Amino acid sequence: MTRSNAEKTDESTEEPTGDRLGFERRPLLKAVGAGTALAAGAGITTAGGDEDDESHEDDGYDGTDEGDGTDTASETREIHPVYGYPARDAAAIPDSIEPDHEITLDVAPPGPDQPPFLYFDPTGLRVDSGDVVQFTFASPDHTVTAMHPEIGLPQRVPDGAEPFSSPVQGPGSAWLYRFDHEGVYDIYCAPHLDFGMVMRVVVGTLEEAELPEYARTVEDLPSREDVSAGLNEMSEQNEGCEWPNLMPAGILGTDALDAMTIQRAGTVPFSAVVEELGYELIEAPEGPPSEVGEPTVRVRDHPDYGELLVGPEGMTVYMFDQDTRNAGESACSGDCADAWPPLTVDGDREPVAGDGVTADLETFERDTGERQVTANGWPLYYFSRDEEPGDVQGQGVNDVWWVLRPDGTPLRTDSDD
């Protein structure tokens, strides 16, 4: 089983979740009120507080291991019934606690007429008693917390189950927990309870008649109506407002997360839950938000030449007749490259085609180490004398420099000079 999503994680996931999704976290928490803040605090305290330190004396947990899989103690340490097993690096979990299942904590951007989603995936999971589940953090600011009275929510875990919680963890990390009590576990992310970040684990093989009452109803869970009413009470300016995000009642109230449905299916993906609610799960793009989705090559309409390829800022790009198509190298360097700067991309970023670009975009490494973009196999260049978008002063220079059509075909004409 793959037990790390670290390869999916990059510098973009180091930003707070709110920043990634386009909203500011502090004003939002203020608007929602104290409930969310208390829930977040409960998760942090349970995971790292001092109240239960005495309970560690005889359970193999010495309170000093950081769970990064780098020392001998971590390889023999058992998973604590309250604190679980945190690991800074999901790829470094020791083989001695090989997980049986994996759940990812992630975010999805908003789409047309739908809010952003913060979610566990799968959102429904059936396990055997004693199974270890790895919760892998693909985005930051999340916890894995039991709905338990000692944490501040109505009991929605089996009798005898501990009030477990992970600490707030960052991307690329993981938290492991062993589910020892048969029954239905409703779990949430403390900082994002009011964004509907909840899930359900069914442990063992249950009979429908044996299901606890909380597995049959969501009346005790926060709903959109509850939050909307609270916002309206807080300020006259909020009158008539509606909370746009999914809530625990809406998520756990779906047929997809019915305990018997989960038991039969084994796993229920988050996509099935949002589909039932009339939404579509949009995958979050990888890479820095400032770069993701911004086209490297665009199409611009020119009054004389029609639609042409341009760079990300709208400046015209050209091909060079002395280049060989699909050769993966450039014939323009030194002084030539000063006059005709190559269109390049940073690091490992792949070129992105804008609307209307039908040419295949690829890159190759120049002698300077830069990665130059190609369109339809032709290396792309700017012209140093072009001063603003729409300029085409390089067209036909020396009868070897030409603009390109959206499909990457050169448009060879007489020089404007």
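**Entry 1: ground rules**

I count a residue as buried under 20% relative accessible area, exposed over 50% and partly exposed in between, with a 1.4 Å probe and protein chains only. The model is predicted: local features need pLDDT of at least 70 and side-chain atom pairs pLDDT 80 or more, while totals for chains, interfaces and linings use all residues. Residues are numbered from 1 along each chain as its sequence is written, and side-chain values use heavy atoms, with hydrogens and water left out.

**Entry 2: strand β5**

I started with β5, residues 131-137 (strands are DSSP E runs of at least two residues, helices H or I runs of at least four, numbered from the N terminus). How many of its residues are buried? Seven of its seven residues are, and the strand is mostly covered. I then split the strand by face. One side carries D131, V133, F135 and F137, all buried. The other side carries V132, Q134 and T136, and these are buried too. Both faces of β5 are therefore logged as covered, on the buried cut-off.

Next I looked up the partners of β5 (two strands pair if DSSP finds at least two bridges between them). Strand β2, residues 101-108, pairs with β5 in the parallel sense. Five bridges hold that pairing. Within it, T104 stands opposite T136 of β5. I noted that T136 belongs to the face with V132 and Q134.

Strand β7, residues 174-179, runs antiparallel to β5. Six bridges join the two. Here V133 stands opposite Y177 in β7. V133 sits on the face with D131, F135 and F137.

**Entry 3: a three-strand sheet**

I found an open sheet of three strands in the order β13-β18-β19, with antiparallel pairing. Its edge strands are β13 (318-320) and β19 (410-411), each pairing on one side only. I checked the β18 to β19 contact in detail. Strand β18 covers residues 401-404, and two antiparallel bridges join it to β19. L404 stands opposite P410 of β19.

**Entry 4: salt bridges**

I searched for salt bridges (a side-chain nitrogen of Lys or Arg within 4 Å of a carboxyl oxygen of Asp or Glu). The structure holds seven.

R126 and D128 form one of them, at 2.6 Å from N to O. I looked up exposure for D128: its relative accessible area is 37%, so D128 is partly exposed.

R178 and D180 form another, at 3.1 Å from N to O. Both partners fall in the middle class. R178 has 28% relative accessibility, so it is partly exposed. D180 is partly exposed as well, because its value is 41%.

Which residue does D321 pair with? R412 is the partner, and the closest N and O atoms are 2.6 Å apart. This pair links distant parts of the chain, 91 residues apart. D321 lies in the loop between β13 and α9 (335-339), and R412 lies in the segment after β19. D321 is partly exposed, because its relative accessible area is 28%. R412 is at 46%, so it counts as partly exposed too. I also noted a network: R156, D186, R200 and D220 are joined through salt bridges that share partners.

**Entry 5: cysteines**

I searched the whole structure for disulfides (a pair of cysteine sulfur atoms within 2.5 Å). There is one. It joins C332 to C336, with 1.9 Å from S to S. Is this disulfide left-handed or right-handed? The torsion about the S-S bond is about -110 degrees, so it is left-handed. I then compared its two ends. C332 is buried, because its relative accessibility is 0%. C336 is at 22%, so it counts as partly exposed. I looked up C189 as well: its relative accessible area is 0%, so C189 is buried.

**Entry 6: cavities**

I looked for cavities (sets of 1 Å grid points where a 1.4 Å probe fits but cannot get out; lining residues have an atom within 4 Å of a point). The structure holds two of 30 Å³ or more. The second largest has about 30 Å³ of space (the volume filled by probe spheres set on points joined across faces, edges and corners).

Its lining consists of R300, D301, H302, L308, V310, T316, G390 and V392. Two elements give two or more residues each: β11 (298-302) and β12 (306-310). β11 gives the most, with three residues. I sorted the lining by type: three nonpolar, three polar and two charged (Ala, Val, Leu, Ile, Met, Phe, Trp, Tyr, Cys and Pro are nonpolar, Asp, Glu, Lys and Arg charged, the others, Gly among them, polar).

Note on methods. On a 1 Å grid over the protein atoms alone, a cavity is a set of points where a 1.4 Å probe fits but cannot get out, and a pocket is an open set with protein on both sides within 12 Å along at least five of seven lines; lining residues have an atom within 4 Å of a point.
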